[in-house]
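Here is a short tour of a structure with more than one chain, meant to be read with the model open beside you. Each stop has its own heading, so feel free to rotate the view as you go.

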Amino acid sequence: MNFWLLVVVKVLVVAGAVMLPGALLVIFGELKISAHMQSRIGPYFAGGRFGWAQPLADGLKFMQKEDLVPAAADARVYRLAPYIVLISTVAIYVIIPFGPDLTARDLDLGVFFLLAVSSLSTLGVLMAGWSSGNKYSLMGGLRAAAQLIAYELPMVLAVVAVAVQAGTLSLGGIVQAQAHTELFGANIHLPYLITGQLLGFLIFTTASLAELARIPFDMPIAESELTMGYLTEYSGLRFTMFFLGEYAGMVAFTAIAATLYLGGWWLPGLSPEAGYMNVVGPIVLVTKVLLLSFLFIWFRWTWPRLREDQLQTLAWKWLIPLSLANIVGTALFKVIM
Amino acid sequence: MTDTRTSDRPGPGGGSIIPGIFKGMKLTLKALLTKPVTVNYPLERETPVPRARGVIALDTEACTVCMLCARECPDWCIYIEGHKEHVPPATEGGRVRTRATLDRFDIDYALCMYCGICVEVCPFDALFWSPEYEYSEHDISGMLHPMERLTDWLESVPDPPTLETS
């Protein structure tokens with residue numbers, strides 16, 4: 001088959017079969033969990049039972065709304081921005097391994113690709129903020145840029161430590177490396193969270209919360225001061241795309257965190273080579289993704305928003321030095337053992 | 001330059017921020033695991049307290065068309081019209097008496113703010129609070145309750161509380 005045709009088919013399959021259901025599931029989880037955390041019931045009637053169809057209904061409603069472009073907006077950039085955000089998220093899904101053979105494309109430079117495309121969404125957010133012709137949007141875009149630059153660094157540095165320990169940049173390879181961990185000559189087949197990357201995991205999850213602009217790092221959106229930040233002027237299908245991109249990004253980042261630190265599709269006790277892992281693997285990964293997503297939702301509905309200077313202080317004064325120390329420690333550890 | 005506004009500044013309680021973060025997470029987790037307080041309205045109904053301010057009922061027999069309620073109403077949502085009727089003398093050769101009769105007594109619940117001043121101000125105990133609350137309408141004109149509807153609410157008015165005896 002033609003190479004490009006194959007790429008398109010793979011991306012469509014990944015987006016339709018993994019990203020969309022994943023994002024809808026997490027949106028539903030957010031609606032329900034947030035409701036119960038506030039002693040409410042949440043969606044109840046849509047779909048007949050438990051309001052399971054609420055995310056679909058919301059999506060359909062958004063799609064019917066008029067797609068407004070403000071008169072002051074830079075129309076072409078304004079229209080393009082949501083696509084860039086969504087595409088950068090879809091691109092992450094291409095490299096997530098769901099089993100030994102279940103990867104749309106297991107790149108040798110997987111981790112590098114991941115960091116490259118995930119920072120692409122920053123560009124989309126900046127474009128949205130700048131092109132809207134609205135002060136709130138501009139402030140939101142600026143904050144997003146400052147925040148994403150600040151948190152991209154600790155994230156990259158945390159991932160470097162994983163790459164050092166695994167000796168590979170391929171995500172599939174990192175899962176295999178976790179399944180074959182050896183410490184001081186002994187076979188300790190445990191995820192990296194336990195065998196040396198606890199600090200890295202904390203830094204990575206903090207940075208991904210910031211990358212996703214979720215509370216406590218939702219300064220770019222900050223409803224109480226910026227209306228909706230860079231999303232202020234968006235409506236209709238384009239808003240849906242941003243919204244979907246946000247939650248799809250959450251699933252993507254939790255899947256990456258699960259792959260890098262929690263063993264991905266592999267669990268201690270399961271054989272990473274066995275054929276049945278192609279069936280069990282996706283279930284294991286999805287369970288880990290849902291657990292991490294629950295954690296993110298839990299944070300969001302508990303914590304207040306950080307102030308802009310606190311946010312920058314946390315990144316530059318704490319996370320970056322810590323992640324540098326983490327790399328040095330991991331490298332020393334790797335040499336000693 | 002020293003920045004006093006660092007992220008590890010003590011919280012309002014005077015302690016560090018860190019324990020507060022976990023305290024908050026414990027609280028939301030507890031709320032997540034306990035039953036929601038929501039009453040799922042159309043499927044289950046909350047019983048209002050007996051003296052709840054649901055709707056105002058009218059006793060036409062007690063009303064003297066004095067207009068006090070209509071005049072005190074901050075929203076001007078009470079419409080009253082009446083006329084004088086001549087009542088024949090009770091005994092032979094007696095005097096013909098006049099009596100005020102209601103022609104119209106409407107309360108526009110689209111305007112009413114449920115302050116209860118009309119109930120308070122009525123000198124003849126013609127107005128009562130009823131705890132009924134299910135009278136929403138698809139059309140706003142349906143919120144204007146005519147006299148007949150107001151008297152129907154009387155059935156749902158609870159008995160007055162027993163008098164306090166010292």
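## Where the chains meet

Let's start at the contact, to which chain A brings 16 residues and chain B brings 13 residues. On the side of chain A that touches chain B, helix H1 (3-37) and helix H11 (308-336) of chain A each supply at least two residues. H11(A) gives the most to this side, with four residues. Sorted by class, the side of chain A that touches chain B holds eight nonpolar, six polar and two charged residues.

Please keep in mind while you look around that this is a predicted model.

## Chain A as a whole

Chain A is built from 11 helices and two strands. Reading from the N terminus, the order of its elements is α-α-α-α-α-α-β-β-α-α-α-α-α. You can therefore follow six helices, then the two strands, then five helices along the chain.

How does the radius of gyration of chain A fit a compact globule? For 337 residues such a globule would come out near 20 Å, and chain A has 20 Å, so the two agree. Along its principal axes, the C-alpha trace of chain A spans about 65 × 50 × 45 Å. Of the 337 residues in chain A, 47% count as buried. Sequence separation adds to the picture: among contacts in chain A between residues at least 6 apart in sequence, 78% join residues at least 24 apart.

## A closer look at H11 of chain A

H11(A), already met at the contact with chain B, deserves a stop of its own. Its 29 residues should span 42 Å at 1.5 Å a residue, and the end C-alpha atoms are 41 Å apart, which agrees. The helix does bend, by about 35° at A:Leu319, and a proline, A:Pro321, follows within four residues.

Which residues of H11(A) are buried? They are A:Leu311, A:Leu314, A:Ala315, A:Leu319, A:Ser323, A:Asn326 and A:Thr330. An α-helix has 3.6 residues a turn, so residues three or four places apart point the same way. The buried residues of H11(A) pack against helix H5 (135-166) and helix H7 (198-211) of chain A. A:Leu319 appears both as the place of the bend and among the buried residues.

## Backbone details in the loops

Most residues other than glycine have a negative phi, and most peptide bonds are trans. Three places in the loops are worth a look with that in mind. In chain A, the peptide bond from A:Ile215 to A:Pro216 is cis, with omega near 10°. A:Pro216 sits in the loop between H7 and helix H8 (223-226) of chain A.

A:Ser39 is not a glycine, yet its phi is positive, at about 60°. You will find A:Ser39 in the loop between H1 and helix H2 (54-64) of chain A. Because A:Ser39 has 13 C-beta neighbours inside 10 Å, it counts as partly exposed. Over in chain B, B:Trp76 also has a positive phi, of about 55°, although it is not a glycine. Its loop runs between helix H2 (68-72) and E2 of chain B. Is B:Trp76 buried or exposed? B:Trp76 is exposed, since 10 other C-beta atoms lie within 10 Å.

## Strands of chain B

Strands of a sheet pair through backbone hydrogen bonds, either parallel or antiparallel. In chain B, an open sheet of three strands has the order E2-E3-E5, with antiparallel pairing. Strand E2 (78-87) and strand E5 (144-145) of chain B are the edge strands, each pairing on one side only. E2(B) and E3(B) are joined by 10 bridges, and B:Glu81 stands opposite B:Arg104 in E3(B). On to the other pairing: strand E3 (residues 97-108) of chain B is joined to E5(B) by two bridges, with B:Asp108 opposite B:Leu144.

Another antiparallel pairing in chain B links strand E1 (residues 55-58) to E4(B) through four bridges. Here, the bridge partner of B:Ile56 in E4(B) is B:Trp129. What covers strand E4 (residues 127-130) of chain B can be told from its two faces. B:Leu127 and B:Trp129 lie on one side, B:Phe128 and B:Ser130 on the other, and all are buried, so both faces are covered.

Technical notes: Residues are numbered from 1 along each chain as its sequence is written. Chains are lettered from A and ligands numbered from 1 in the order in which they are written. This is a predicted model: local features need pLDDT of at least 70, side-chain atom pairs count only at pLDDT 80 or more; totals for chains, interfaces and linings use all residues. A residue is buried if 20 or more other C-beta atoms lie within 10 Å of its own, exposed if 12 or fewer, and partly exposed in between; C-beta atoms are placed from the backbone. Two strands pair if DSSP finds at least two bridges between them. Two residues are in contact if their C-beta atoms, placed from the backbone, lie within 7 Å. Ala, Val, Leu, Ile, Met, Phe, Trp, Tyr, Cys and Pro count as nonpolar, Asp, Glu, Lys and Arg as charged, and the others, Gly among them, as polar. The radius of gyration is taken over C-alpha atoms; the globule rule is 2.2 Å times the number of residues to the power 0.38. The expected span of a helix is 1.5 Å times one less than its number of residues. The bend at a residue is the angle between axes fitted to the seven residues ending there and the seven starting there.
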